[in-house]
Amino acid sequence: MYISYDAYRVFYYVARCGSFSQAADQLYASQPNLTRTIKKLEQTLGCSLFTRSSRGVELTPEGHILYARVSAAVSQLQAGEAELARELQLEVGTVAIAASEIALKGLLLPVLQQFGESWPGIRLRVLDHTTPQAVAALQKRTVDLAVVTSPIQAAEGLQCTVLTRFQNVAVCSPAQAAHIKQPLTPRQLARLPLVCQGAGTGTHTLYREWYARYQLPFEPEVETSTSDQVLPLVEAGLGIGLVPDFYAREGLSQGRLVQLSLTSFLPQRQICLVQEKNRRLGTAARRLEEILLQQALQQKSPAAAL
């Protein structure tokens, strides 16, 4: 037995209004069309749904049974329509973002602040990941977007967009700097104790490859689990730190750090937006994506596909 939703919708409004004419007004339909629809519905179900009188219509016992189910279904559909409308207007929703520490501090944090102030009903889930972990989370679809630092091993089906670029610098404590002859060649730098993030991070991979270009071993004296741990150890005199320039800015201005002069530039890095090429994002995630790309333009670092 097939009965269209339109037939049940007509039944619902006639029952709720107790009148064909009032139901016709609410449905913007003609009363004869509604009457025909109810007659056809009664024929299909094999029972009368309404008793008619000069005052209108009332449900039969069979009509009451059907109305209990139909009204519940209509309520659910209306609730779904309302919820969808709220999501489209960014009143509700969730966006999950995987972000590396450097990407969070270098670009993402003010974007999330702006987003949260503009759409407070949207729940933001920010997962602190290394770049490889963030890419893996994107592939598993546990996050909508990933904002990470290069180098990035983007698998097939993923798209990387450069949002901004930054330069790395070598820094140490003032006490250490007093004993270091500058400028340093890569070989001289390799002889000094180094503080760096551990294996499995994009930072560790980047510098291992950079040292390898000069046929030098990459053997940090101290390895940390997060980028936030590097500078406190450097300031304590435990080694040289190779960090983003914006990480070192405050320590340099306050005299807690000294920037070392090098004969070869450290590799430039990018903060990138990584996403699935053919994945349809929700309204809130699409809006966040737009803001990230706008932020890249505002920083005068045009986004470019890798």
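Student: Leaving aside neighbours within four places in sequence, which residues is leucine 292 in contact with?
Tutor: Good place to start, and remember that this is a predicted model. Setting aside everything up to four places away in sequence, leucine 292 is in contact with Leu108, Val111, Val147, Leu163 and Leu273.

Student: Which members of the largest nonpolar core touch the most other members?
Tutor: Leucine 292 belongs in this answer too. The largest nonpolar core has 36 residues, and those that touch the most other members are Val147, Val171, Val243, Leu288 and Leu292.

Student: Which helix gives the most to this core?
Tutor: The helix in question covers residues 101–118. With seven residues in the core, the one that gives the most is helix H5.

Student: How many residues are in the second, separate core?
Tutor: You can find this core through some of its members, which include Val14, Leu34, Ile38 and Val74. In soluble globular proteins, nonpolar side chains tend to be buried together. The size of this second, separate core is 23 residues.

Student: Are H5 and H12 roughly parallel or oblique to each other?
Tutor: Their axes come within 10 Å, H12 being the helix of residues 283–298, and cross at roughly 130 degrees. Because the cut-off for roughly antiparallel is over 145 degrees and roughly perpendicular runs from 65 to 115, the name for H5 relative to H12 is oblique.

Student: Is the crossing of H5 and H12 left-handed or right-handed?
Tutor: Look at the two helices where they pass each other. The crossing H5 makes with H12 is right-handed.

Student: How many nonpolar residues does the contact of H5 with H12 have?
Tutor: From H5 come Leu107, Leu108, Val111, Leu112, Gln114 and Phe115, while H12 brings Ala284, Arg287, Leu288, Ile291, Leu292 and Gln295. Sorted by class, the contact has two polar residues and one charged residue, and its nonpolar residues number nine.

Student: Is leucine 288 buried or exposed?
Tutor: Leucine 288 is found in helix H12. Not counting neighbours within four places in sequence, its contacts are Val95, Ile97, Val111, Leu112, Phe115 and Leu145. Its relative accessible area is 0%, so leucine 288 is buried.

Student: What distance separates the C-alpha atoms of leucine 288 and glutamine 114?
Tutor: Along the chain, these two are 174 residues apart. In space, their C-alpha atoms are separated by 9.9 Å.

Student: How do H1 and H4 lie, roughly parallel or roughly perpendicular?
Tutor: H1 covers residues 5–17 and H4 residues 61–88; their axes come within 10 Å and cross at roughly 110 degrees. Since 65 to 115 degrees is the range for this class, H1 and H4 are roughly perpendicular.

Student: How many nonpolar residues does the contact of H1 with H4 have?
Tutor: Among the residues that make the contact are Tyr8, Phe11 and Tyr12 of H1, with Leu66, Val70 and Val74 of H4. By class there are three polar residues and one charged residue, and the nonpolar count is 11.

Student: Which residue does a cis peptide bond join to serine 150?
Tutor: Most residues other than glycine have a negative phi, and most peptide bonds are trans. Here omega is about 5 degrees and the bond is cis. The partner lies in the loop between strand S5 (145–149) and strand S6 (158–166); joined to serine 150 is proline 151.

Student: What is omega for the cis bond from glutamine 182 to proline 183?
Tutor: Proline 183 lies in the loop between helix H7 (174–177) and helix H8 (186–190). For this cis bond, omega is near 0 degrees.

Student: Is tyrosine 28 buried or exposed?
Tutor: Tyrosine 28 sits in the loop between helix H2 (20–27) and helix H3 (31–45). Although not a glycine, tyrosine 28 has a positive phi of about 55 degrees. Its relative accessibility is 77%, and because the cut-off is over 50%, tyrosine 28 counts as exposed.

Student: And leucine 90, is that residue buried or exposed?
Tutor: Leucine 90 is in the loop between H4 and strand S3 (93–99), and has a positive phi of about 60 degrees without being a glycine. Its relative accessibility is 10%, so leucine 90 counts as buried.

Student: What distance separates the C-alpha atoms of valine 169 and phenylalanine 265?
Tutor: Valine 169 is in strand S7 (residues 168–172) and is buried at 9% relative accessible area. Phenylalanine 265 lies in the loop between strand S11 (258–259) and strand S12 (269–276) and is exposed at 75%. They are 96 residues apart along the chain, yet their C-alpha atoms are separated by 8.4 Å.

Definitions and conventions:
Residues numbered from 1 in each chain as written. Predicted model: local features only at pLDDT ≥ 70, side-chain atom pairs only at ≥ 80, totals over all residues. Heavy atoms only, no water. Core = buried A, V, L, I, M, F, W, Y, C linked by side-chain atoms within 4.5 Å. Buried < 20%, exposed > 50% of the residue type's maximum accessible area, 1.4 Å probe, protein only. Helix = DSSP H or I, 4+ residues; strand = E, 2+ residues; numbered from the N terminus. Contact = heavy atoms within 4.5 Å. Axes fitted to C-alpha atoms, helices over the stretch in contact; angles between N-to-C directions. Parallel < 35°, antiparallel > 145°, perpendicular 65-115°, else oblique. Left-handed = near helix turned anticlockwise from the far one by under 90°. Nonpolar A, V, L, I, M, F, W, Y, C, P; charged D, E, K, R; others polar.
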